[in-house]
Amino acid sequence: RARERAPRGVKMADGCAWILVLGSVLLCNLVKALLPTVSSLLSRILQKDAEQETQMRMEIQDMRQELSAISMMDEFARYARLERRINKMTDKLKTHVKSRTAQLAKIKWVVNIVFYILQAALMISLIWKYYADPVMVLPSKWIAPLERLVAFPSGMVGGVGITCWLVVCNKVVAIVLQAFG
């Protein structure tokens, strides 16, 4: 007879399903916060051009120092040749920087796409697993005007469906991470 009464407190529908979903959402949001770091680490590993660019900058700086030591009036030909070399090296450096920046943007784009695909796969698998069952059951008077919306897709009175739980968890985790970040 005690089982027939409405639950007084919060009741878990499938053991620790609610914490599994919350943990998954938390993990996804933490990884999302680390995406820029992961992208830059991958770009450093994959790109060796940065060392070459540093060397080019140092060469340009050395040539500019040499140029400042030359008298333009007395050694015009030498001055002009060195100035042309500086301009050529500067153009080459700009080309390298542009290509490296484009490659970095591609790496960031690929990392983001892979992350969002994996996140979508995780969320879809959670929705698939807990589609018919509520993640947790609350007293129906707590969610009275929105019972059907909160229970979707499980349809159980007083139940919290996986979609509602995912939305709530995402929002709460985002707010908490923003407060700490």
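The legends below accompany several close-up views of a predicted model.

**View 1. Glu-53, Arg-57 and Arg-100 are linked in a network of salt bridges.**
Let us start with the charged groups: the structure holds four salt bridges, and Glu-53 takes part in the two shown here. With Arg-100, the closest N and O atoms of Glu-53 are 3.0 Å apart. That pair links distant parts of the chain, with Glu-53 in helix α2 and Arg-100 in helix α3, 47 residues apart. With Arg-57, the N to O distance is 3.9 Å, which still counts because the cut-off for a salt bridge is 4 Å. Arg-57 and Glu-53 both lie in helix α2 (residues 49–69), four residues apart, or about one turn of the helix.

**View 2. The same network, seen through the accessibility of Glu-53, Arg-57 and Arg-100.**
Is Glu-53 buried or exposed? Glu-53 has a relative accessibility of 2%, so this residue counts as buried. Its partner Arg-57 is partly exposed, with a relative accessible area of 44%. Arg-100 has 23% relative accessibility and therefore counts as partly exposed; the threshold for buried is under 20%.

**View 3. Glu-75 and Arg-78 meet in a salt bridge through their side chains.**
Here the N to O distance is 3.1 Å. Glu-75 is partly exposed, at a relative accessible area of 33%. Arg-78 is also partly exposed, and the value for Arg-78 is 37%. As a friendly reminder, side chains of opposite charge can pair when their charged atoms come close.

**View 4. Phe-115 and Tyr-116 form an aromatic pair.**
How many aromatic pairs does a search of the whole structure find? The search finds one. In this pair, formed by Phe-115 and Tyr-116, the ring centres are 5.1 Å apart and the planes make an angle of 70°. The arrangement is edge-to-face, because planes over 60 degrees apart are classed that way. The two residues can also be compared by accessibility: Phe-115 counts as buried at 8%, whereas Tyr-116 is partly exposed at 40%.

**View 5. Leu-118 and Gln-119 are found in helix α3.**
Helix α3 spans residues 76–129. Which of these two residues is buried, and which is exposed? Leu-118 has 57% relative accessibility, so Leu-118 counts as exposed. Gln-119, at 12%, counts as buried.

**View 6. Cys-28 brings a distant stretch of the chain into the picture beside Leu-118 and Gln-119.**
The C-alpha atoms of Leu-118 and Cys-28 are separated by 9.2 Å, although these residues are 90 residues apart along the chain. What does Gln-119 contact, once its neighbours within four places in sequence are left aside? Gln-119 is in contact with Cys-28 and Lys-32.

**View 7. Helix α5 covers residues 162–180.**
This helix has 19 residues and reaches 26 Å from its first C-alpha to its last. That is close to the 27 Å expected at 1.5 Å a residue. Which residues of α5 are buried? They are Ile-162, Cys-164, Trp-165, Leu-166, Cys-169 and Val-173.

Terms used. Residues are numbered from 1 along each chain as its sequence is written. This is a predicted model: local features need pLDDT of at least 70, side-chain atom pairs count only at pLDDT 80 or more; totals for chains, interfaces and linings use all residues. Side-chain values use heavy atoms; hydrogens and water are left out. Helices (H or I, at least four residues) and strands (E, at least two) are DSSP runs, numbered from the N terminus. The expected span of a helix is 1.5 Å times one less than its number of residues. Buried means under 20% relative accessible area, exposed over 50%, partly exposed in between (1.4 Å probe, protein chains only). Rings of Phe, Tyr and Trp (its six-membered ring) pair if their centres lie within 6.5 Å; planes under 30 degrees apart count as stacked, over 60 as edge-to-face and the rest as tilted. Contact means heavy atoms within 4.5 Å.
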